[in-house]
Amino acid sequence: MARQMKDSGVEWIGEIPEDWSILPLGNCFNERNEKVSDYDWEPLSVTKQGIVKQLETAAKSDAHDARKKVCERDFVINSRSDRKQSCGVSAYDGSVSLINIVLSSRFLNTEYVKYLLKNYGFAEEFYRWGTGIVADLWSTKYERMKKIMLPIPKENEQLKIADFLDEKVGEIDSVIAKTKETIEDYKKYKQAIITDTVTKGLNPNVEMKESGIDYLKNIPCNWGVIPISIAFNFIGGYAYKSDRFCGKTPYQVIRLGNVKNDNFIIDEKCVFIDEEYAKESEKSKICKDDILFTMTGTRGKKDYFYTLIVKDKDLQKRTLFLNQRVGCFRKAIDQVFMPYYNYLLKYQNICDYIFLSETGTANQGNIGIESINTTKLLLPPLEEQREIAEYLDEKCSEIDKLIAKKEELLVDLESYKKSLIYEYVTGKKEVE
């Protein structure tokens with residue numbers, strides 16, 4: 001027999017079981033607002049995966065006393081809207097930055113709390129109570145957060161829900177982890193095919209010779225070596241003034257966020273300029289068959305050197321221009337077939353060599369064109385370059401389709417997990 005439900009009167013919660021209560025968050029938790037030093041209280045990071053010991057990549061402040069105290073089993077949530085669902089129950093005593101809100105439960109089961117306050121329904125409600133100038137900059141203060149209404153089951157049911165979700169979410173997370181491993185295996189397989197083909201060609205019996213270049217090793221006998229500065233012309237980006245960016249126009253500036261792996265993300269992270277500014281930026285205009293690459297990223301991480309080739313379809317909607325942090329190689333001689341070189345530039349040994357001259361701060365690296373120009377590339381016969389590129393287009397497309405299916409599965413699994421948690425913490429489904 002289905003249990004009786006009632007209207008909670010709260011939009012994000014909807015109906016709840018008749019024997020459940022509705023209480024403001026401030027009635028269920030105390031705010032822990034004690035300032036401490038990270039010399040005395042271990043620094044912690046508040047992430048979407050929960051509360052962890054401070055990450056090496058976390059921005060660090062010299063204000064060591066400007067921290068909030070966290071005790072084991074406290075719930076901590078980042079108040080900023082651009083850190084949505086960065087929260088969790090802490091397994092540690094420690095300290096967090098002042099941007100976070102720290103809560104200690106008065107009577108709610110902590111295991112239930114970790115699902116109640118991390119589910120997507122609460123996250124959206126928490127975001128709705130925020131204040132600020134624009135969506136990326138606003139935050140939710142505790143004085144407003146404490147007014148958010150919460151669904152409260154009896155204590156024994158809180159524990160039943162938490163135990164049930166621990167099991168079910170654990171099962172889903174296990175499938176998610178295996179799916180991610182499969183995706184990584186596909187990516188490694190794809191990279192292995194690219195590496196083998198761009199460095200040896202399609203003939204498995206080809207005779208090899210020494211290239212004379214350490215990072216290029218042995219190469220087919222009929223291949224040569226060419227400096228990158230001879231193969232390509234380097235086209236630099238323009239240092240755009242942000243106060244001259246405008247609403248949507250046919251002229252888009254391509255920034256780091258638009259170049260990711262083999263994906264040209266043109267319709268996201270968009271920045272536009274007007275026709276007059278476009279004329280001033282003519283030297284940075286992007287053309288078909290240009291190879292774009294990122295020049296700035298996390299220091300020491302070679303995977304930020306993303307390359308892609310510009311295709312006809314990329315230029316159909318608008319005219320594209322380079323930002324100063326995105327570089328461009330343009331064909332300089334007839335012996336170069338750009339699609340082949342787009343694959344060759346993904347060869348790890350070449351990337352490693354380019355990174356030998358990486359500069360920048362501890363957190364941000366930069367690749368200068370001077371160091372790139374010292375790099376030497378393989379030069380197969382032109383027809384062989386075409387054959388290799390066509391072969392890799394086909395093989396990589398097959399692998400990309402397999403990856404896409406697995407990524408769709410990940411989306412479905414995450415969606416199912418969100419829905420499952422929401423339905424049980426609001427009582428729409430009952431633990432039998």
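**Backbone, rings, cores and hollows in a predicted model**

Asp289 makes a handy starting point: with a relative accessibility of 29%, this residue counts as partly exposed, because its value falls between the 20% limit for buried and the 50% limit for exposed residues. The model examined here is a predicted one. Asp289 sits in the loop that runs between helix α7 (275-280) and strand β22. Although Asp289 is not a glycine, its phi is positive, at about 75°. A positive phi also turns up at Lys217, another residue other than glycine, where the angle is near 55°. Lys217 belongs to the loop between β14 (208-210) and β15 (218-220), and it is exposed, with a relative accessible area of 54%. The strand that follows the loop of Asp289 can be visited too. Strand β22 covers residues 291-294 and contains Thr294. Is Thr294 buried or exposed? With a relative accessible area of 2%, Thr294 is buried. Its C-alpha atom is separated by 9.2 Å from that of Gly257, a residue 37 positions away along the chain.

Stepping back, the whole chain can be described in a few numbers. Its secondary structure comes to 11 helices and 29 strands, and its C-alpha trace spans about 80 × 50 × 45 Å along the principal axes. Of the 432 residues in the chain, 44% are buried. Among contacts with a separation of 6 or more, 75% are between residues 24 or more positions apart.

Aromatic rings give some concrete examples of how separate stretches of sequence meet. To describe two such rings, one gives the distance of the centres and the angle of the planes. How many aromatic pairs does a search of the whole structure find? The search finds 13. One of them joins Tyr120 and Tyr422, whose ring centres are 5.5 Å apart and whose planes make an angle of 45°, a tilted arrangement. This pair links distant parts of the chain, since Tyr120 lies in helix α3 (residues 120-128) and Tyr422 in helix α11 (residues 382-425), 302 residues apart. The two partners can be told apart by their surroundings: Tyr120 is partly exposed, at 34% relative accessibility, whereas Tyr422 is buried, with a relative accessible area of 13%. The pair of Phe232 and Phe329 is stacked, with 5.0 Å between the centres and 25° between the planes. Phe232 is part of strand β17 (residues 232-235) and Phe329 of strand β26 (residues 326-331), so parts that are 97 residues apart in sequence are tied together by this pair. Phe232 and Phe329 are both buried, and ring pairs connect them with Phe234, Phe293, Tyr340 and Tyr341 in a cluster.

Rings also meet charged side chains. Lys84 lies over the face of Tyr127, 4.2 Å from the ring centre, and Arg244 is placed over the face of Tyr277, at 3.8 Å from the ring centre.

The next topic is the nonpolar interior. The largest nonpolar core holds 81 residues, and those touching the most other members are Leu117, Phe122, Met145, Leu150, Leu165 and Tyr340. Helix α11 supplies the largest share of this core, 13 residues. Which residues does Leu117 touch, not counting those up to four places away in sequence? They are Leu25, Phe29, Phe75, Cys87, Leu103, Phe122 and Leu150. A second core, separate from the largest, has 14 residues, including Ile254, Val259, Leu308 and Cys328.

Empty space completes the picture. The structure holds 1 cavity of 30 Å³ or more, and the volume of the largest cavity is about 100 Å³. It is lined by 19 residues, with Lys84, Gln85, Ala123, Phe126 and Tyr127 closest to its centre. Strand β9 (75-78) and helix α3 are the elements that give two or more residues to this lining, and α3 gives the most, with 4 residues. Lys84 and Tyr127 thus reappear here, having been met above with the lysine over the tyrosine ring.

The second largest pocket encloses about 800 Å³ of space. Its lining has 26 residues, and those nearest its centre are Lys48, Gln49, Lys118, Asp173 and Lys417. At least two lining residues come from each of β7 (50-53), β10 (87-89), α2 (110-116), α5 (155-200) and α11. Helix α11 contributes the largest share of this lining, 5 residues, just as it supplies the largest share of the 81-residue core.

Technical notes: Residues numbered from 1 in each chain as written. Predicted model: local features only at pLDDT ≥ 70, side-chain atom pairs only at ≥ 80, totals over all residues. Heavy atoms only, no water. Phe/Tyr/Trp six-rings, centres within 6.5 Å; stacked < 30°, edge-to-face > 60°. Buried < 20%, exposed > 50% of the residue type's maximum accessible area, 1.4 Å probe, protein only. Lys NZ or Arg CZ within 6 Å of the ring centre and 35° of its normal. Core = buried A, V, L, I, M, F, W, Y, C linked by side-chain atoms within 4.5 Å. Contact = heavy atoms within 4.5 Å. 1 Å grid on protein atoms, 1.4 Å probe; cavity = no way out; pocket = protein on both sides within 12 Å on 5 of 7 lines; lining within 4 Å. Points joined across faces, edges and corners; volume = space filled by probe spheres on them.
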